[in-house]
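Trainee: I should like to request a close look at a single part of this model. Please describe it in detail and then place it in its surroundings.

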Amino acid sequence: MLVLVAPGQGAQTPGFLTPWLELPGAADRVAAWSDAIGLDLAHYGTAADADEIRDTAVAQPLLVAAGILSAAALGDVSPGAVAGHSVGEFTAAVLAGVLDDTAALALVRKRGLAMADAAAVTETGMSALLGGDPEVSVAHLEKLGLTPANINGAGQIVAAGTLEQLAALNEDKPEGVRKVVPLKVAGAFHTHHMAPAVETLAKAAADVTAADPTVAYVSNKDGGTVAAGAEVLDRLVGQVANPVRWDLCMETFKELGATAIVEVSPGGTLVGLAKRALPGVRTLALKTPDDLDAARELLAEHGVA
């Protein structure tokens with residue numbers, strides 16, 4: 001059984017969309033999305049520098065567009081389950097047939113703008129903790145006033161809070177943590193700092209039609225599978241201010257009998273976690289179209305035609 005997964009913010013790098021736009025029809029599709037959401041995705045995915053694509057309002061639709069584009073390039077195959085990390089859940093919702101691609105990108109654009117506005121209120125950020133015991137780390141973060149915003153499994157937790165709180169964490173790491181790595185994001189996502197964005201996104205989502213998933217959709221909220229499109233949409237809204245439980249998502253992949261995982265563009269982060277947390281499960285990251293043939297072989301072997 002193959003799981004198709006989509007990365008979240010921080011996975012973007014300058015120029016990562018360039019090779020994907022060379023595929024037949026890709027440039028036209030991206031141009032149509034750009035017109036629909038009022039953002040030049042091709043420019044940001046090819047010519048913009050790291051600081052420009054770090055902007056929350058840019059990074060989020062750019063990542064979702066790349067994920068949809070790269071998944072479409074795989075052809076007419078179906079995974080056994082889909083999941084996405086943070087904004088990658090919108091990509092997963094498209095892959096599961098819950099949201100139309102243009103509607104999803106329009107909603108993500110509003111999400112990114114709302115989260116950027118919320119992040120502008122207070123200087124906040126996120127840092128990854130590598131190593132250590134999760135229970136010890138979570139208790140230490142709470143002592144410092146930080147939120148364990150992403151519990152990713154495989155020994156990784158992401159802390160979120162004010163820059164002062166993150167500076168204190170850098171000086172006072174939890175016992176057993178090897179390293180604290182600042183992330184390329186512009187705010188304390190999946191925390192109470194994002195509460196204003198939830199309200200904005202809820203209003204935007206009220207006009208969106210959601211279909212029931214055509215494959216198993218695994219949610220960040222609790223790692224559970226969600227069978228109703230309306231509930232997927234509700235979770236996408238609330239997830240902005242709720243922790244990402246990727247550890248529980250991976251537990252669900254295991255329970256579903258996953259034998260392979262393919263991560264859509266810009267892949268790498270999630271298969272890295274899977275290699276450590278799900279030994280024996282084959283993994284592949286779609287970094288460029290050069291990876292498509294190997295991914296198709298994996299889909300043919302482990303997916304559903």
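**Asp 55 and the surrounding architecture**

Mentor: In this predicted model, the side chain of Asp 55 reaches the backbone nitrogen of Ala 57 at 3.0 Å. Asp 55 itself lies in the loop that separates α3 (50-54) from α4 (56-72). Its relative accessible area is 35%, and because buried means under 20% and exposed over 50%, Asp 55 is classed as partly exposed. Asp 117 stands 62 residues away from Asp 55 along the chain, yet the C-alpha atoms of the two are separated by 11 Å.

The chain around this loop contains 13 helices and nine strands. Of its 305 residues, 55% are buried. A compact globule with 305 residues would have a radius of gyration near 19 Å, and the chain has 18 Å, so the two values agree. Along the principal axes, the C-alpha atoms fill a box of roughly 50 × 45 × 35 Å. Contacts that link distant parts of the sequence are also found: among contacts between residues at least 6 apart in sequence, 74% join residues at least 24 apart.

One element of this architecture is an open sheet of four strands, arranged in the order β4-β5-β3-β6 with antiparallel pairing. Its edge strands are β4 and β6 (177-182), each of which pairs on one side only. On average, and with direction ignored, neighbouring strands of the sheet are turned by 25° against each other. Helix α8 (residues 163-171) packs on the sheet and touches β3, β5 and β6, while its direction makes about 135° with that of β5.

The pairings can be followed strand by strand. β4 and β5 are joined in the antiparallel sense over five bridges, and within that pairing Pro 148 stands opposite Ala 159 in β5. The two strands form a hairpin with two residues between them, and Ala 154 in the turn has a positive phi of about 55°. β5 and β3 pair, again in the antiparallel sense, over seven bridges. Strand β3 (residues 124-131) in turn pairs with β6 over five bridges. Leu 129 takes part on both sides: its bridge partner in β5 is Ile 157, and in β6 it stands opposite Val 180. As for burial, seven of the seven residues of β5 are buried, so this strand is largely enclosed by the rest of the structure.

Strand β5 also meets a helix from later in the chain. In α12 (residues 269-277), the buried residues are Leu 270, Val 271, Gly 272, Leu 273 and Ala 274. These residues pack against β5 (156-162) and β4 (147-153), as well as β1 (2-6), α11 (246-256), β8 (260-263) and β9 (282-285).

Helix α11, one of those partners, leads to the aromatic residues. The structure holds one aromatic pair. The ring centres of Trp 246 and Phe 253 are 5.7 Å apart and the ring planes lie at 80°, so the pair is edge-to-face. Both Trp 246 and Phe 253 are buried.

To return to the part in question, Asp 55 is a partly exposed loop residue whose side chain reaches the backbone nitrogen of Ala 57. Strand β5, by contrast, is largely enclosed by the rest of the structure.

Methods: Residues numbered from 1 in each chain as written. Predicted model: local features only at pLDDT ≥ 70, side-chain atom pairs only at ≥ 80, totals over all residues. Heavy atoms only, no water. Buried < 20%, exposed > 50% of the residue type's maximum accessible area, 1.4 Å probe, protein only. Contact = heavy atoms within 4.5 Å. Pairing = 2+ DSSP bridges. Axes fitted to C-alpha atoms, helices over the stretch in contact; angles between N-to-C directions. Polar contact = N/O pair within 3.5 Å; in protein donor to acceptor, adjacent residues only side chain to side chain. Phe/Tyr/Trp six-rings, centres within 6.5 Å; stacked < 30°, edge-to-face > 60°. Rg over C-alpha atoms; globule rule 2.2 N^0.38 Å.
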